[in-house]
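Biologist: I have the sequence and the fold open on my screen and would like to go through them with you. Could you walk me through the helices and sheets, piece by piece?

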Amino acid sequence: MLLRPLLRRAAAAASSGGARATALPDPPAALASLLLASRSYAKAKGGAKPASSTSNRGKVRAKDPRGGASADDADGDEFAAGGAGDDLDAEFELPTEPLPPTYDPALDVGPGGRPLFAFTDTFGSFAHRNANVYVDFTLDEWNAMLPEGLPAGMMKEFQETRRCAVMVRKSFLDLRDNFRRIVDPAVTINLKDIKKQIVLDGPRSCGKSIALAMLVHWARTEGWLVFYVPQGKDWTHGGFFYRNTYSDFFDTPIQAAKILQDFLKYNETRLLQLPCQIFEPIPLGEGAGVGKMKGADTVEMPEGSTLYDLIQTGITHTHASVGVVVRLRKELSLVKDVPVLFAIDQYNSWFTFSDFQEPVTVRSCRPIHAKELTMVNAYRSMLHNDMMVGAFSHSTAVGKLRQDLPDVPSDARLMFPRYTLEEAETVCHYYMRQKIIRRESFSEEKWKKIYYLSNGNGSEMRWLAAFV
């Protein structure tokens with residue numbers, strides 16, 4: 001990240017007054033104003049804490065806005081002796097005390113005097129003219145609707161803003177209306193092309209995972225049956241991998257059992273009402289740590305079984321867990337009583353070479369391609385007629401992919417945008433409401449500087465907001 005060393009060099013130049021042997025150029029006006037604001041606020045806090053004290057407060061130097069340790073931290077060490085880097089790094093702290101979830105009409109004001117929050121239980125009531133407003137749920141409400149787990153970026157936003165609110169963006173409404181039109185053709189929308197299969201792509205921290213989670217939340221409030229995978233990388237990493245002698249793929253029984261348990265958490269009531277439509281024998285594989293079952297190669301579901309019974313079979317019998325996950329995919333494609341949506345986050349992790357190897361009992365170890373995994377092979381393809389949306393994650397270190405992906409329609413990719421200028425204004429008003437930005441220092445000039453410095457990147461805007 002180039003912004004951090006630039007800020008530090010600007011701080012060193014300002015404190016030394018140009019007395020350094022190697023003079024640095026004056027910082028741009030945008031950086032200078034942000035720097036002075038952050039330094040004055042740090043001094044108002046009463047100075048830095050001793051280095052020996054520990055706190056769970058988020059110091060600015062701890063991590064860069066990309067979520068990892070900054071490679072430029074070494075650049076700032078050379079200025080630490082002079083004290084310039086300490087003013088920027090050590091003295092400023094992000095507040096962590098929770099704010100009361102109250103709504104004050106005098107404070108909850110967005111751009112142009114519009115309300116900052118919308119009071120609703122669903123994302124289904126929003127039109128495009130109502131976009132750029134925040135919806136506030138409690139963490140318990142989020143966990144109840146998405147018990148499989150929340151995206152890491154969403155959780156970080158909740159923690160640093162101390163509120164579990166998300167902004168309804170026009171890009172999300174386009175995504176929602178696309179699938180709404182598929183189920184209800186009478187709905188009038190402004191989209192030209194309606195797609196049943198979509199791959200969300202775009203820059204890092206542009207909101208793909210949050211939009212996918214919001215889509216799942218909306219679909220479930222509409223009564224849809226949603227197969228949601230918030231951590232697609234878990235399907236290809238960790239656990240045990242056993243070669244299936246019948247299919248020549250690799251089974252992952254530990255992951256399979258967890259997938260079934262997660263799918264059952266929210267959908268249990270609906271699954272009790274959906275009957276099984278396929279009664280072919282389900283192949284048995286190796287169980288997790290117990291080997292193959294002696295005397296049996298398959299298991300059959302009795303007549304009258306429901307999808308709940310099918311899932312319970314995979315949970316209680318480790319030998320059948322992978323086969324049940326594969327059978328569940330086929331069964332869900334036959335459901336007609338209720339709309340079915342497959343939502344896969346970290347979808348790009350299903351297309352790369354993974355860093356795991358075969359079990360130690362196999363002498364020749366080699367990397368295993370994701371498509372060689374039984375469950376990934378069953379769920380990855382988008383060459384079908386089912387509604388499916390996958391979101392790329394550029395923070396999982398799985399590498400870049402080529403434009404044309406196997407088993408994915410060529411027109412499936414949808415580039416998800418970063419914040420627009422209008423959205424960034426609403427975001428900065430929200431950060432001011434949550435006391436990340438001081439109200440007395442807030443101005444149109446400053447929030448625009450944040451937007452242009454970050455190029456609309458969500459996590460970088462949140463990091464820069466603390467300097468206003």
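**Going through the fold**

Modeller: The chain has 15 helices and 12 strands, and please keep in mind throughout that this is a predicted model.

Biologist: How much of the chain counts as buried?

Modeller: Of the 468 residues, 50% count as buried. As for how the contacts are spread along the sequence, if we take those between residues at least 6 apart, 74% of them join residues at least 24 apart.

Biologist: OK, sheets next. What is the strand order in the five-stranded one, and how do the strands pair?

Modeller: The five strands make an open sheet in the order 5-10-11-4-12, and the pairing is parallel. Strand 5 (225-229) and strand 12 (413-415) stand at the edges with a single partner strand each, so one side of each has no neighbour in the sheet. From one strand to the next, the twist averages 20 degrees.

Biologist: Which strands does strand 11 pair with, and over how many bridges?

Modeller: Strand 4 (residues 197-201) pairs with strand 11 in the parallel sense over four bridges, and strand 10 (residues 340-345) also runs parallel to strand 11, joined to it by five bridges.

Biologist: Which residues in strand 11 are the bridge partners of Leu200 and Ala343?

Modeller: On the strand 4 side, Leu200 has Ala391 of strand 11 as its bridge partner. Ala343 is partnered by Val389 in strand 11, while Ile344 stands opposite Gly390 in that strand.

Biologist: And is strand 11 buried or exposed?

Modeller: Five of the five residues of strand 11 (residues 387-391) are buried, so the strand is largely enclosed by the rest of the structure. Both of its faces are covered, since Met387, Val389 and Ala391 on one side are buried, as are Met388 and Gly390 on the other.

Biologist: Which helix lies across strand 4, strand 10 and strand 11?

Modeller: That is helix 7 (residues 170-183), which lies across those three strands and runs at about 165 degrees to strand 11.

Biologist: What about the sheet with three strands, how is that one arranged?

Modeller: Its three strands form an open sheet in the order 1-2-3, with mixed pairing. Strand 1 (117-118) and strand 3 (165-168) are at the edges, and each has a single partner strand, so one side of each is left without a neighbour in the sheet. Strand 2 (residues 133-136) and strand 3 run antiparallel and are joined by four bridges, with Val133 standing opposite Val168 in strand 3.

Biologist: Switching to helices, at what angle do helix 10 and helix 11 pack?

Modeller: Helix 10 (residues 307-316) and helix 11 (residues 321-333) pack at an angle of about 160 degrees, and their axes are 8 Å apart. An angle over 145 degrees counts as roughly antiparallel, and these two helices are therefore roughly antiparallel to each other. The crossing of helix 10 past helix 11 is left-handed.

Biologist: Which residues meet there?

Modeller: From helix 10 there are Leu307, Leu310, Ile311, Thr313 and Gly314, and they meet Ser321, Val324, Arg327, Leu328, Glu331 and Leu332 of helix 11. By class, that contact has six nonpolar, three polar and two charged residues.

Biologist: How does helix 9 pack against helix 11?

Modeller: The angle between helix 9 and helix 11 is about 45 degrees, with the axes 8 Å apart, and the two helices are therefore oblique to each other. Pro253, Ala256, Ala257, Leu260 and Phe263 of helix 9 meet Ser321, Val322, Val324, Val325, Leu328 and Leu332 of helix 11. Sorted by class, this contact of helix 9 with helix 11 has 10 nonpolar, one polar and no charged residues.

Biologist: I keep clicking on Leu271. Where is it, and is it buried or exposed?

Modeller: Leu271 lies in helix 9 (residues 253-271), and this leucine is buried, with a relative accessible area of 0%. Leaving aside neighbours within four places in sequence, Leu271 is in contact with Leu225, Phe263, Leu264, Thr306, Leu307, Tyr308 and Ile311. Its C-alpha atom is separated by 8.6 Å from that of Asp309, which is 38 residues away along the chain.

Biologist: Last one: which residues of helix 14 are buried?

Modeller: In helix 14 (residues 444-454) the buried residues are Trp447, Lys449, Ile450, Tyr451 and Ser454. Just after helix 14, Asn455 takes a positive phi of about 60 degrees.

Notes: Residues numbered from 1 in each chain as written. Predicted model: local features only at pLDDT ≥ 70, side-chain atom pairs only at ≥ 80, totals over all residues. Heavy atoms only, no water. Buried < 20%, exposed > 50% of the residue type's maximum accessible area, 1.4 Å probe, protein only. Contact = heavy atoms within 4.5 Å. Axes fitted to C-alpha atoms, helices over the stretch in contact; angles between N-to-C directions. Parallel < 35°, antiparallel > 145°, perpendicular 65-115°, else oblique. Left-handed = near helix turned anticlockwise from the far one by under 90°. Nonpolar A, V, L, I, M, F, W, Y, C, P; charged D, E, K, R; others polar. Pairing = 2+ DSSP bridges.
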